[in-house]
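Please work through the following exercises with the sequence and coordinates at hand. Each task is followed by a solution in steps.

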2 protein chains.
Amino acid sequence: VTDTASTDANTAGTAPDALEDALFHPRGIAIVGVPSNPDAERIGSFLGSLLEQGYEERHGLYPVNPKMTEVAGLRCYPTLLDIEEPVDHVISMVPARVVPTLVDQAVEKGIRSIHFFTAGFSETGDPAMVAAERELIGKLTTAGIRAIGPNCMGLYVPSEQIAFMDGFPKEPGEVFLLSQSGANAGDIIHGLARRGVRFSKAVSFGNGADVKAHHLLDYAARDPETKVVAAYMEGVQEGRRFFEALKRCAAVKPTVILKGGIHAAGARAANSHTGSLAGSIQIFEAACRQGGAMRAETMDDLHDLVVTLTTQARHVRGSGVVLVSGGGGYAVLASDAIATAGLDVPPMPRETVEALREFIPVAGTSVNNPIDTNVRGSDEMRRTLEIVARATPTDLVFTNAAWGGGGPWGGATDEPDELPENERIERAEESARRAATMLSELQVETGTPFAAIERTRSYDPISGHAADAYALAAHEQDVAVYPNVARAARAIGLLLRWRSRREGLPELF
Amino acid sequence: VTDTASTDANTAGTAPDALEDALFHPRGIAIVGVPSNPDAERIGSFLGSLLEQGYEERHGLYPVNPKMTEVAGLRCYPTLLDIEEPVDHVISMVPARVVPTLVDQAVEKGIRSIHFFTAGFSETGDPAMVAAERELIGKLTTAGIRAIGPNCMGLYVPSEQIAFMDGFPKEPGEVFLLSQSGANAGDIIHGLARRGVRFSKAVSFGNGADVKAHHLLDYAARDPETKVVAAYMEGVQEGRRFFEALKRCAAVKPTVILKGGIHAAGARAANSHTGSLAGSIQIFEAACRQGGAMRAETMDDLHDLVVTLTTQARHVRGSGVVLVSGGGGYAVLASDAIATAGLDVPPMPRETVEALREFIPVAGTSVNNPIDTNVRGSDEMRRTLEIVARATPTDLVFTNAAWGGGGPWGGATDEPDELPENERIERAEESARRAATMLSELQVETGTPFAAIERTRSYDPISGHAADAYALAAHEQDVAVYPNVARAARAIGLLLRWRSRREGLPELF
């Protein structure tokens with residue numbers, strides 16, 4: 001992308017309201033170059049995803065492909081210009097060589113935004129295709145049309161029933177995601193959806209020929225539906241603008257950034273993926289720090305930080321973790337993992353130990369953090385958790401998630417074998433939801449955040465269903481769930497370090 | 001444990017054959033102190049687990065509890081001495097204060113081994129209970145009875161239909177597990193079972209008052225059913241004997257050890273868990289190196305190393321990884337993760353690139369490692385994988401596991417929505433199994449090992465079933481499956497470094 005093109009783009013559409021109207025509230029979407037079988041294309045089945053979300057019940061959805069008159073029950077048009085109704089947004093699935101014709105038609109039709117799933121432009125490194133990309137963006141910009149991509153997956157706007165992959169949640173949420181990679185955006189949305197996170201909007205923007213990270217950060221900062229911002233980046237375009245937008249965004253909303261291409265092998269991959277020059281990770285790290293953002297070093301970090309920021313775990317007061325687990329060896333490894341992340345496992349004060357010993361027998365247990373109990377039933381577990389949550393050195397309580405494979409909560413394997421599987425699943429799910437509710441109530445009552453830790457899944461599908469139900473119910477009630485102790489501790493450690501860098505600045509949430 | 005007690009124990013029963021007979025092939029098991037409802041005790045439901053495995057169809061299974069005459073359809077005896085039939089093995093669930101009486105009865109009954117689930121002995125640090133443990137072990141040793149524990153979960157011997165937790169696989173396998181922690185043994189067995197690993201025997205030995213790690217390592221080294229040995233340790237008892245046994249075992253079978261209690265917090269937990277003095281991790285690390293064992297730094301390491309050692313991935317020739325993925329951003333992060341683990345992502349030779357370009361279009365793809373393709377269907381994927389597996393710099397091929405959420409293999413989301421869920425699950429599982437078989441065939445044909453990488457699960461239970469089916473089918477056909485690229489790369493890196501330390505020694509497998 002040349003400076004000329006991007007300056008034009010900025011002139012045309014930097015005001016967040018304009019970006020919002022053009023991109024996030026399109027009335028009428030045309031999919032040009034739609035494949036004949038919407039299920040045939042596993043990547044880029046935009047028609048299938050929009051139908052799954054129910055977009056066509058809201059606004060017009062117009063497949064375009066001259067070889068068909070109907071697809072998936074919808075009328076199929078020979079060209080964009082054959083659609084009589086208004087079209088705000090076009091998804092381009094045509095080959096790169098057909099794009100110039102499509103752009104002319106888009107200008108004529110008077111659309112407001114276009115998303116190029118089409119690849120084969122600047123990311124190929126071919127000078128002719130770099131020039132072609134520059135030219136088409138220039139033409140669109142002149143016409144006041146915003147472009148996403150090329151070489152990307154485009155938009156996920158659940159409140160408008162727009163999605164770019166199957167299986168995205170239909171309910172909107174509070175996380176804004178921007179990503180140079182469609183596959184990574186999909187992994188983030190699918191993976192976090194299972195953990196209960198929901199999104200305000202997500203944009204996969206690929207080569208970023210027009211709409212770039214800094215536009216999206218500025219939009220996210222002002223978007224009233226967005227509380228937390230997450231980003232996956234490969235290269236930084238227009239470095240100074242990016243840094244200023246990052247500062248503006250991170251000043252008002254917690255902003256987590258994962259950078260791909262940190263090693264030579266990854267940088268080489270990034271260059272052939274989105275044409276990005278990955279740049280130095282040290283400079284990027286410094287930009288995140290100075291910009292007030294959190295840097296996720298891995299995809300796991302990004303997932304876990306978003307879960308942390310969207311639950312009460314974000315209010316953790318300090319590094320004192322109490323671990324309530326069932327199983328001494330588990331407690332040993334967990335304590336090691338907590339210490340590795342730079343957090344503490346403080347011994348409990350005498351009055352806490354005594355309060356626990358009133359109902360926890362000595363044999364086979366430990367009550368001096370980690371708390372390794374064999375308490376029976378959720379009443380005793382609730383009592384244990386409440387006592388340790390109120391202890392002075394406690395900033396956060398780690399406890400096992402409550403489904404399957406042992407533990408005092410009741411769950412999957414409690415259900416009588418003679419019941420049919422679907423009933424056993426329902427009961428296990430119900431039990432898991434009750435456990436999640438208990439943690440949520442304790443968070444409110446004690447003012448101490450909880451983190452629920454998943455254990456290795458039992459060799460049994462019922463536990464899997466219970467685990468999913470637990471994760472959703474917990475997150476919905478503001479309780480963070482993490483796959484294991486090491487990841488929970490690492491996310492909390494990253495959050496605490498970020499917060500300490502912000503000292504003196506206003507609270508974000 | 002005092003030296004006296006342990007020396008006695010050694011004198012009585014170090015010969016592996018004796019250990020084998022006494023521990024691993026018990027004809028007749030009594031569970032003394034069995035709870036009235038076998039499902040009520042979530043931890044220690046030995047009766048339930050033995051019934052699940054079908055032990056009672058093989059040998060006598062005798063619940064003992066004076067308060068009942070029947071439990072779970074079995075006759076319940078008032079005391080051990082009321083059982084007329086021979087009993088080889090006793091599981092003690094009685095409180096510590098009742099143990100002396102039980103030991104006297106066990107000696108009178110002429111049993112061969114006893115497992116103390118009973119806790120509250122030396123691990124409490126109470127001198128009276130330390131002395132009590134020493135005394136009871138002395139009495140048992142004098143009578144020629146081997147003891148497991150106290151404070152542990154005991155035996156898993158699938159070929160004898162013995163298990164200490166619900167949901168353990170019934171089929172035997174080639175991995176021997178010894179663990180000071182029952183909870184961690186359960187996590188290892190459940191977690192690895194889902195990944196297709198099966199076990200020859202597992203022993204949770206807790207305080208190790210009689211049977212200790214060195215006895216079990218010596219047994220595992222000679223056990224014809226065992227090919228790979230895994231251990232979870234908190235403290236080392238009789239250091240020199242342990243080190244010598246470790247050397248003997250690791251000289252003939254790959255041996256992976258996870259040590260708990262590496263930080264002060266973990267060491268404190270280990271001390272209250274099994275009474276272990278955790279010792280210096282530097283000394284332990286040196287012992288592993290000099291002993292020829294692999295040290296797992298985390299539970300994830302242990303799982304991934306066992307998967308690596310039980311599949312063709314163990315034959316990886318060197319550090320050259322080819323990554324075949326669908327999704328450019330995924331490829332970028334994966335390349336970073338591979339480099340972080342010390343492995344390489346070598347560019348492909350020109351003839352490989354040309355062979356791939358014959359059928360892979362330029363737009364939106366990359367064929368120069370990482371390979372980011374949008375190939376359609378399993379024929380093109382097979383062709384891609386075969387070409388890169390035969391390329392000169394390739395030591396190992398990483399490829400996405402084949403279920404759910406996009407990708408060229410076909411799978412969960414391909415199935416028509418109108419089918420009932422169980423049929424969609426069956427079809428998805430079948431498709432996943434076909435994909436696993438393809439990798440297995442390619443491993444054999446090309447001589448290059450493959451590693452299948454799971455992606456974040458889609459928000460959909462069908463993908464979960466398909467993932468489980470894939471993992472089982474892949475491992476059964478000698479293909480390693482890992483949860484993500486970072487863990488796969490780390491396991492391969494650990495294996496390669498271990499192998500390079502063994503250079504000049506005979507191949508183990």
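The exercises below treat a predicted model and concern confidence, a sheet, and aromatic rings.

**Exercise 1. Determine where in chain A pLDDT stays under 50, and state how such stretches should be read.**

Step 1. Chain A has an average pLDDT of 88, and 90% of its residues score at least 70. For the complex, the predictor gives an ipTM of 0.86 and a pTM of 0.87.

Step 2. Residues 1-16 of chain A stay under 50, with 25 contacts beyond four places in sequence in the model. Residues 404-415 of chain A also stay under 50, and for these the model has 39 such contacts.

Step 3. Where pLDDT is low, the predicted coordinates should not be read in detail.

**Exercise 2. Establish the strand order of the six-stranded open sheet in chain A and identify its edges.**

Step 1. The order in chain A is 8-10-9-11-12-13, with mixed pairing.

Step 2. Strand 8 (154-156) and strand 13 (294-296) of chain A each have a single partner strand, so they stand at the edges and one side of each lacks a neighbour in the sheet.

Step 3. On average, neighbouring strands of this sheet are turned by 15° against each other, direction ignored.

Step 4. Within the sheet, strand 9 (residues 175-179) and strand 10 (residues 199-204) of chain A pair in the parallel sense over five bridges. A:Val175 has A:Phe199, in strand 10 of chain A, as its bridge partner.

Step 5. Helix 7 (residues 213-222) of chain A lies across strands 9, 10, 11 (228-233) and 12 (255-259) of chain A, and runs at about 175° to strand 9 of chain A.

**Exercise 3. Classify the ring pair A:Phe46 and A:Phe117 and locate both residues.**

Step 1. The structure holds 18 aromatic pairs over all chains. In the pair A:Phe46 and A:Phe117, the centres are 5.2 Å apart and the planes make 75°; because an angle over 60 degrees counts as edge-to-face, the pair is edge-to-face.

Step 2. A:Phe46 lies in helix 3 (residues 46-53) of chain A, and A:Phe117 in the loop between strand 6 (113-116) and helix 5 (127-142) of chain A, so the pair ties together parts 71 residues apart in sequence.

Step 3. A:Phe46 is buried at 2% relative accessibility, whereas A:Phe117 is partly exposed at 22%.

**Exercise 4. Classify the pair A:Phe164 and A:Phe168 and name the cluster that includes these residues.**

Step 1. The ring centres of A:Phe164 and A:Phe168 are 5.1 Å apart and the planes stand at 80°, so this pair is edge-to-face.

Step 2. Both A:Phe164 and A:Phe168 are buried.

Step 3. Ring pairs link A:Tyr156, A:Phe164, A:Phe168 and A:Phe199 into a cluster.

Note on methods:
Residues are numbered from 1 along each chain as its sequence is written. Chains are lettered from A and ligands numbered from 1 in the order in which they are written. This is a predicted model: local features need pLDDT of at least 70, side-chain atom pairs count only at pLDDT 80 or more; totals for chains, interfaces and linings use all residues. Side-chain values use heavy atoms; hydrogens and water are left out. Two strands pair if DSSP finds at least two bridges between them. Helices (H or I, at least four residues) and strands (E, at least two) are DSSP runs, numbered from the N terminus. Axes are lines fitted to C-alpha atoms, for helices over the stretch in contact, and angles run from 0 to 180 degrees between N-to-C directions. Contact means heavy atoms within 4.5 Å. pLDDT is the predictor's confidence in each residue, from 0 to 100. Rings of Phe, Tyr and Trp (its six-membered ring) pair if their centres lie within 6.5 Å; planes under 30 degrees apart count as stacked, over 60 as edge-to-face and the rest as tilted. Buried means under 20% relative accessible area, exposed over 50%, partly exposed in between (1.4 Å probe, protein chains only).
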